[in-house]
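Below are my notes on the model you sent round. They are set out as numbered points, with the cut-offs given where a term comes up.

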Amino acid sequence: MASIRRQIPYTPKAPVRQGVYSQSVVVDRTMYISGQLGMDVASGQLVDGGVKAQAKQALINMGEILKAADCDYTNVVKTTVLLADINDFNGVNEVYKTWWAGGNRGGRCPRSSLRLLTRRPHHKQVVVQPSRDQWKPSCISR
């Protein structure tokens, strides 16, 4: 039986999860990225500006983690967005559409799903979270 390659890419340019969590893990040719918040790396705090600013920062953080594995946004297959308030949907969707259409993925959004949080963790307004089999980067070679 062939061994499966497992890596833990890391970048100081994205928030580090507390505890035993990794920013991401690559298993064979599939990359799984931990849920990203709109957190500024330098301050360790959520960015000011509300849900739209936090959504943008979460996508920036995701991009830094992708870079750590020699990938980019074109490799993203699926995301899950968690919202504390459904009324924030339009604002997050506006950022999301602009982000992907703005050249980060050649104008095509990855498949996405939306979930509402039953309670807001630590007053966060938006969390961009990966799902299983979400990242299938072609940039990772065997």
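1. Helices (H or I, at least four residues) and strands (E, at least two) are taken as DSSP runs, numbered from the N terminus. The expected span of a helix is 1.5 Å times one less than its number of residues. Helix α1 covers residues 50–68, so its 19 residues should span 27 Å, and the 28 Å between its end C-alpha atoms agrees with this.

2. The structure is a predicted model, in which local features need pLDDT of at least 70 and side-chain atom pairs pLDDT 80 or more, while totals for chains, interfaces and linings use all residues. Residues are numbered from 1 along each chain as its sequence is written, and side-chain values use heavy atoms, with hydrogens and water left out.

3. The chain contains 2 helices and 7 strands, arranged along the sequence as β-β-β-β-α-β-α-β-β. Of its 142 residues, 44% are buried (under 20% relative accessible area with a 1.4 Å probe, protein chains only; exposed is over 50%, partly exposed in between).

4. An open sheet is formed by 3 strands in the order β1-β2-β3, with antiparallel pairing (two strands pair if DSSP finds at least two bridges between them). Its edge strands, each paired on one side only, are β1 (6–7) and β3 (30–33). Between β1 and β2 (residues 24–27) there are 2 bridges; Gln-7 has Val-26 of β2 as its bridge partner.

5. Helix α1 packs on this sheet and touches β2 and β3, with its direction at about 145 degrees to that of β3. Contact here means heavy atoms within 4.5 Å; axes are lines fitted to C-alpha atoms, for helices over the stretch in contact, and angles run from 0 to 180 degrees between N-to-C directions.

6. The buried residues of α1 include Val-51, Ala-55, Leu-59, Met-62 and Leu-66, but also Gln-54, Gln-57, Asn-61 and Glu-64. Just after the helix, Asp-70 has a positive phi of about 60 degrees.

7. In the largest nonpolar core (buried Ala, Val, Leu, Ile, Met, Phe, Trp, Tyr and Cys residues joined through side-chain atoms within 4.5 Å) there are 21 residues, and Met-31, Ile-33, Leu-59, Leu-66, Val-92 and Trp-100 touch the most other members. At least two core residues come from each of β3, α1, β5 (78–83) and α2 (89–104). Helix α1 gives the largest share, 6 residues.

8. Which residues does Leu-59 contact, leaving aside neighbours within four places in sequence? They are Tyr-73, Val-95, Tyr-96, Trp-99 and Trp-100.
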